[in-house]
Amino acid sequence: MTRPAAAPKTHAPNLDELSMLLADGSRSTIHPSDVKGPWQRFKLRIWVVLIAIYLAIPWIRINGHPAILIDIPKRQFFLFGATFNAQDFWMMVFVVLGVGLGLIIVSATYGRAWCGFGCPQTVFLEGVYRRIERLFDGNHVQRRALAASKWNLNKTLRRFGKWLTWLAISLVLSHTFLSYFMPIRTLLEAITSPPSVHPAAFTFILLATAIIYFNFAWFREQLCIVICPYGRLQSVLYDKDTVQVAYDDVRGEPRGRFSDKDRGACVDCKHCVAVCPTGIDIRNGTQLECVGCTNCIDACDAVMEKIGQPKGLVRFASQGEIHGEARRVIRPRTILYSIVWVVLLGAFITAVSTRKSFEAKLLRQQGTPITRVEGKVQNAFMLHVVNKAAEKKSFDIRITPIPGVEVTQPIPHVDLEGFGDVRTPIFARFEASEIDRNQQFEITIDDGEAPRTVRQELIGGKR
Ligand code: SF4
Ligand code: SF4
């Protein structure tokens with residue numbers, strides 16, 4: 001009789017191996033134990049607000065338009081009352097750089113505060129999916145036992161209840177996500193129509209739901225550890241003054257059992273390890289896998305309270321603080337980052353506030369910009385007017401008269417729908433001998449608010 005293969009062994013958290021991997025390279029599911037405490041309550045309040053904002057924004061309208069809408073097929077973007085079109089896309093440079101630099105400032109000062117408190121991966125995994133898992137599968141001991149048990153009625157009911165609830169939530173999240181890219185009314189119409197009416201939206205929902213479900217039901221902490229580039233960047237952003245979740249080794253070591261006489265404050269109970277969602281031991285120092293979730297702070301504080309010692313053996317502290325230095329949040333690098341961030345913010349505000357509500361360009365006709373007609377020189381132009389506002393606008397097109405130049409202008413006035421544009425040809429004809437070489441040809445486009453003048457040089461003049 002052949003003996004069944006031994007189950008791969010788990011290992012104690014250490015700096016050389018990932019806790020989520022077994023020795024044979026397979027996944028070791030982490031079942032963090034439950035933890036209560038002030039940081040958990042604080043995080044929960046933040047998560048409730050963030051989730052409510054995420055779900056509510058697509059329903060909010062400002063000036064008759066969605067509060068946030070990135071309509072890529074129509075190249076129309078709405079942001080809290082401001083409207084943008086594709087020509088404004090360059091402003092995204094400021095937004096992307098500003099967000100990136102903002103995260104760098106947060107990391108340099110408060111470590112992975114973003115990961116632990118604001119990142120959607122944490123908010124939805126810890127704030128929603130893991131809570132549902134606890135509801136169906138029980139605490140970490142029960143979850144482990146259920147995972148190892150054979151399939152029976154109890155396990156089937158629990159598993160299917162959990163999976164269906166997760167699926168329903170994943171559908172809500174994917175539909176909400178799509179409503180940032182598709183007006184909510186169109187989305188509601190798509191939901192109530194057959195998939196063939198909106199095939200792209202239907203495919204998007206299927207894919208997004210599958211990705212969200214896979215990520216929160218199975219992939220989990222691997223996203224933070226293996227995929228997230230921000231997590232990988234952390235180590236270059238930290239220095240000894242960065243405040244982050246840290247174990248006070250000065251106070252805690254040498255660790256030992258409660259009854260040991262010469263031990264430090266750490267009683268080696270490993271509660272901080274048991275609650276860690278990435279399975280690490282914070283006592284091994286700053287690690288890439290730490291997402292700053294603060295679970296170990298609350299777990300250790302509860303232990304300290306029980307054994308009558310001051311809290312804060314694991315706490316938000318810099319390495320400098322732990323070794324007796326004062327906290328230094330403001331330092332040359334954080335000042336420099338902040339100055340660059342303020343400059344970026346200023347540039348973005350200037351760009352948005354000085355943004356024109358329409359664009360006008362006078363271009364030479366492609367192919368034959370200059371021809372001879374009835375012995376005269378003819379310049380052919382193309383005027384392009386773009387309404388960048390979401391509302392309908394009217395434009396007068398006025399050409400500055402030049403003695404000796406006959407102008408053919410098919411449309412002197414144009415009405416454009418929101419985000420609409422028009423291209424209209426314009427011809428200027430003249431005797432070559434009567435016009436200077438550098439003569440400017442001017443057109444004013446007037447929307448009744450802020451007229452704009454565009455120019456081109458007339459070519460073919462001789463004087
Ligand atoms: S070490 Fe502490 S703060 Fe870091 S991920 Fe684990 S429990 Fe969270
Ligand atoms: S919870 Fe606190 S006392 Fe227990 S092992 Fe962790 S650091 Fe030590």
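# Exercises on strands, helices and ligand shells

I68 stands opposite L79, a residue of β4. The model behind these exercises is predicted.

## Exercise 1. The sheet of β3, β4 and β5

Task: Give the strand order of the sheet that holds β3, β4 and β5, and state which strands lie at its edges.

Solution.
Step 1. Start from one pair: β3 and β4, the latter covering residues 76–79, run antiparallel and are joined by 4 bridges. The facing residues I68 and L79 belong to this part of the model.
Step 2. Extend to the whole sheet, which is open, has 3 strands and follows the order β3-β4-β5 with antiparallel pairing.
Step 3. Look for strands that pair on one side only: these are β3 (68–71) and β5 (82–85), the edge strands.
Step 4. Add the twist. Direction ignored, neighbouring strands here are turned by 20° against each other on average.

## Exercise 2. The sheet of β13, β11, β15 and β16

Task: Build up the sheet with the order β13-β11-β15-β16 from its pairs.

Solution.
Step 1. Take β11, residues 393–399, which pairs with β13 in the antiparallel sense over 4 bridges. D396 has H413 of β13 as its bridge partner.
Step 2. Take β15 (residues 440–446) and β16 (residues 452–457), an antiparallel pair with 6 bridges. Here T444 is bridged to T453 in β16.
Step 3. Examine the connection of this second pair. β15 and β16 form a hairpin with 5 residues between them, and G448 in the turn has a positive phi of about 85°.
Step 4. Assemble the pieces into an open sheet of 4 strands with antiparallel pairing, ordered β13-β11-β15-β16. Its edge strands, each pairing on one side only, are β13 (413–416) and β16. On average, neighbouring strands of this sheet are turned by 25° against each other, direction ignored.

## Exercise 3. Helix α6 against α4

Task: Classify the packing of α4 and α6 from the angle between them.

Solution.
Step 1. Read the geometry: α4 (residues 120–137) and α6 (residues 153–178) pack at an angle of about 160°, with axes 9 Å apart.
Step 2. Apply the cut-off: angles over 145 degrees count as roughly antiparallel. The angle therefore makes α4 roughly antiparallel to α6.
Step 3. Assign the hand. The crossing of these two helices, α4 and α6, is right-handed.
Step 4. List the residues that meet. From α4 there are V128, Y129, I132, E133, F136 and D137, and from α6 there are R158, G161, K162, T165, W166 and I169. Sorted by class, this contact of α4 with α6 holds 6 nonpolar, 2 polar and 4 charged residues.

## Exercise 4. Helix α6 against α8

Task: Do the same for α6 and α8, and state the class make-up of their contact.

Solution.
Step 1. α8 spans residues 199–219, and it packs with α6 at an angle of about 130°, the axes being 8 Å apart.
Step 2. This angle falls in none of the ranges for roughly parallel, roughly antiparallel or roughly perpendicular. α6 and α8 are therefore oblique to each other.
Step 3. The crossing of α6 with α8 is right-handed.
Step 4. Among the contact residues are W166, L167 and L171 of α6, and F204, I205 and F216 of α8. The contact of α6 with α8 divides into 14 nonpolar residues, 4 polar and no charged.

## Exercise 5. The loop between α11 and α12

Task: Which backbone features do P254 and K270 show?

Solution.
Step 1. Locate the residues. P254 is in the loop between α11 (249–252) and α12 (271–274), and K270 is in the loop between α11 and α12 as well.
Step 2. Check the peptide bond from E253 to P254: it is cis, with omega near -5°.
Step 3. Check phi at K270: it is positive, about 65°, although K270 is not a glycine.

## Exercise 6. The two ligand shells

Task: Describe the shells around ligand 1 and ligand 2 by their closest residues and classes.

Solution.
Step 1. Ligand 1 is surrounded by 14 residues, the closest being C276, I282, C290, C293 and C296. This shell around ligand 1 consists of 10 nonpolar and 4 polar residues, with no charged.
Step 2. Ligand 2 has 15 residues around it, of which C266, C269, H271, C272 and C300 come nearest. The classes in the shell around ligand 2 are 10 nonpolar, 2 polar and 3 charged.
Step 3. Trace the helices that contribute. α12 and α13 (295–306) each supply at least two residues of the shell around ligand 2, and α13 gives the most, with 3 residues.

Conventions
Residues numbered from 1 in each chain as written. Chains lettered and ligands numbered in written order. Predicted model: local features only at pLDDT ≥ 70, side-chain atom pairs only at ≥ 80, totals over all residues. Near = placed C-beta within 6 Å. Nonpolar A, V, L, I, M, F, W, Y, C, P; charged D, E, K, R; others polar. Pairing = 2+ DSSP bridges. Axes fitted to C-alpha atoms, helices over the stretch in contact; angles between N-to-C directions. Parallel < 35°, antiparallel > 145°, perpendicular 65-115°, else oblique. Left-handed = near helix turned anticlockwise from the far one by under 90°. Contact = placed C-beta atoms within 7 Å.
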